[in-house]
Amino acid sequence: MKPTPLIQAKNLWKRYGDNVVLERMNVQVNAGEFITMVGTSGCGKSTFLKMLLGMEPPSSGELLLEGKPIPAEPDQSRGIVFQQYSVFPHLTVLQNVILAREFERSRFLGKLFGAARRRVEDEAKRLIETVGLTPAVHRYPHELSGGMKQRLAIAQALIRQPRILLLDEPFGALDPGIRADMHQLVLKLWEEHQLTVFMVTHDLSEGFYLGTRLWVFDKLRRDQQAPTAYGANITYDLPITRQKIIAPQETSAIVEHYLRDSQDKATTEQELLLS
Amino acid sequence: MKRLINLTPSKPARVLLGILPFALILLVYLFASDARQAENASDKLLPAFSQMGDAIQSLAFEPSKRTGDYLFWQDTMSSLQRLALGMGIAALIGFSLGILTGAIPTIHAPLAPLLTVISLIPPMAILPVLFIVFGLGEISKVALIVIGVAPFIARDIQRSTQEIPLEQLVKAQTLGSSSWQILLRVLIPQMLPRLISSVRLSLCTAWLFLIAAEAIASTDGLGYRIFLVRRYMSMDVILPYVAWITFLAFLLDWLLDRLSKRCFPWHHQEASK
């Protein structure tokens, strides 16, 4: 018998009233995969991420986590890093990271003291070391650069060892050089913590570089009179080998060609995606 | 010549320009007062500074002949006590209500419309009700401040709570927190500096309610005194009292600002970005 896939979508639909966002999604993801999701804006990739997070319920069909319906609200099994507002502005780096442990071990006060606190601080400091924030350990988020904030957000998300890490355009606002550093960090943590990662990105090369599997979200059917009548689906599900650089040139050309073809009007958004 | 909107005075020029209107007002007063005093030495409308000094001297540093109290300080103490008590209770009620209605939809649904309506009642209009219910003692004066200020603070905090990015709440949940823990560790700490600015904003109205209540029914207090001596047209008492009230208001505002900057540095640097 095959092991149950970690995430499984069975004929999954998502509608907001008449607006169909996702339709007939059938997909399986095994533990340890690194999924990158690209597509034009409004194509449902962020909606799918929200459904994985438990913020949005499926309209019909099933979204399963290890064979059971995914919990209807966010919890510690799925960590998240947003593009912004991911860290708590009133806590220092260290306080931000130990917060999850405090939630776990102090049900009533949500705050640890004395020896218990020192234990989680030691654990947090190791994690902060891994993401390279040790010099900033007592600083507040507003004193950090964008890249440092995202490093903090990642460390914070990982301390309770979620099996799934969701990344919602985490590096979209960062400079290219810093983004390259962040890529190394994410790949390192993905291996060390044996994570399953879902990442929404606007940057196709980033998607190819990081993922073991690249999903392109788009609409298969279109009605010019009613653009919201049909939803998007995963139109391309590309496995990417770790010994990369063999496929990307070629596949990326296919995907770019496809995206260019399928769009009636080139939005600036898409230009961004293709550049 | 640059456009007017691009002309910024240098720092010393700004300080000088800031002092200028105060100096002008003082000067105008001095001349006007002098002119009236020259015409009629017992003029009460624009007393000289020496007369004001004498009046305050006798109120502040000589025991009252009738009660043996130092009236100026006693007035100050009673007023500040009422103000502090009223603002304290208002802040406590407003903060709890604001956070709860802002964070928890099932509390928001029944309470938010009620809160909106209550905040629209002009507090002065129900002062008679307070006098009837609580009597003419301290409670009704404190209650007026509470009723006047708490709904404002509650709505202000409610709005700020709702403005906390959803991302933060989701993030906290993915870190395994309960609703209670989110309140305790995420919302309340972030709303405390908002509470201070809310209190600073509403202090002005609190003074208004305090002085009004004291004017109507009291036996001491800054508001009581100025309304009492109005009968004798004692501008030499009223004007220094007004200046003193203004100074106290300024001092309270400044202290709260310092407190906020000291306790919540992250809030102020965040805001200035």
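This is a short tour of a predicted model, going from chain A to the place where chain A meets chain B and then on into chain B.

**Stop 1: chain A as a whole**

Start by colouring chain A by its helices and strands: there are eight helices and ten strands to pick out. Of the 275 residues in this chain, 53% are buried. Now think about who touches whom. Among the contacts in chain A with a separation of 6 or more, 69% are between residues 24 or more positions apart.

**Stop 2: helix H5 of chain A**

Select residues 176-192 of chain A, which make up helix H5. Try checking its length: with 17 residues at 1.5 Å a residue, the helix should span 24 Å, and the end C-alpha atoms are indeed 24 Å apart. Next, show side chains. The buried ones in H5(A) include Met182(A), His183(A), Leu187(A) and Trp190(A). What do the buried residues of H5(A) pack against? Look for strands E3 (34-39), E7 (164-168) and E8 (196-200), along with helices H3 (114-130), H4 (146-158) and H6 (204-210), all in chain A. Just past the helix, click on Gln194(A), which has a positive phi, near 45 degrees.

**Stop 3: a loop residue, Thr92(A)**

Go to Thr92(A), in the loop between strand E6 (78-81) and helix H2 (93-105) of chain A. Is Thr92(A) buried or exposed? Its relative accessibility is 10%, so it counts as buried. Setting aside neighbours within four places in sequence, Thr92(A) is in contact with Val137(A), His138(A), Arg139(A) and Tyr140(A).

**Stop 4: salt bridges in chain A**

The whole structure has 27 salt bridges over all chains, and a few make good stops. Select Lys14(A) and Glu56(A), whose side chains meet at 3.4 Å, N to O. This pair links distant parts of the chain: Lys14(A) is in strand E1, Glu56(A) is in the loop between helix H1 and strand E4, and they are 42 residues apart. Lys14(A) counts as buried because its relative accessible area is 5%.

Then show Glu102(A) and Arg117(A), another salt bridge, with the closest N and O atoms 3.1 Å apart. Glu102(A) sits in helix H2 and Arg117(A) in helix H3, and both residues are buried. Keep Glu102(A) on screen for the next stop.

**Stop 5: where the chains meet**

Bring chain B into view. The contact takes 35 residues from chain A and 25 residues from chain B. About 2,700 Å² is buried between the two chains, with carbon and sulfur atoms giving 62% of that. On the chain B side, pick Lys171(B), Leu175(B) and Arg185(B): they supply 29% of the area that chain B buries against chain A, more than any other three residues.

How many salt bridges does the rule find across this interface? There is one, and it joins Arg185(B) to Glu102(A), with the closest N and O atoms 2.7 Å apart. The rule also finds eleven residue pairs in polar contact across the interface. To see which element of chain B gives the most to this side, select H7(B), with eight residues.

**Stop 6: further into chain B**

Select Asp156(B) and Arg159(B), a salt bridge at 3.4 Å between the closest N and O atoms. Both lie in helix H6 of chain B, three residues apart, about one turn of the helix. Asp156(B) is buried at 13% relative accessible area, whereas Arg159(B) is partly exposed at 43%.

Finish at Ile216(B), in helix H8 of chain B. With 53% relative accessibility, Ile216(B) counts as exposed. Not counting residues up to four places away in sequence, Ile216(B) touches Leu127(B) and Phe131(B).

Notes. Residues numbered from 1 in each chain as written. Chains lettered and ligands numbered in written order. Predicted model: local features only at pLDDT ≥ 70, side-chain atom pairs only at ≥ 80, totals over all residues. Heavy atoms only, no water. Contact = heavy atoms within 4.5 Å. Buried area = accessible area lost by both parts, 1.4 Å probe. Salt bridge = Lys/Arg side-chain N within 4 Å of Asp/Glu carboxyl O. Polar contact = N/O pair within 3.5 Å; in protein donor to acceptor, adjacent residues only side chain to side chain. Helix = DSSP H or I, 4+ residues; strand = E, 2+ residues; numbered from the N terminus. Expected span 1.5 Å × (residues − 1). Buried < 20%, exposed > 50% of the residue type's maximum accessible area, 1.4 Å probe, protein only.
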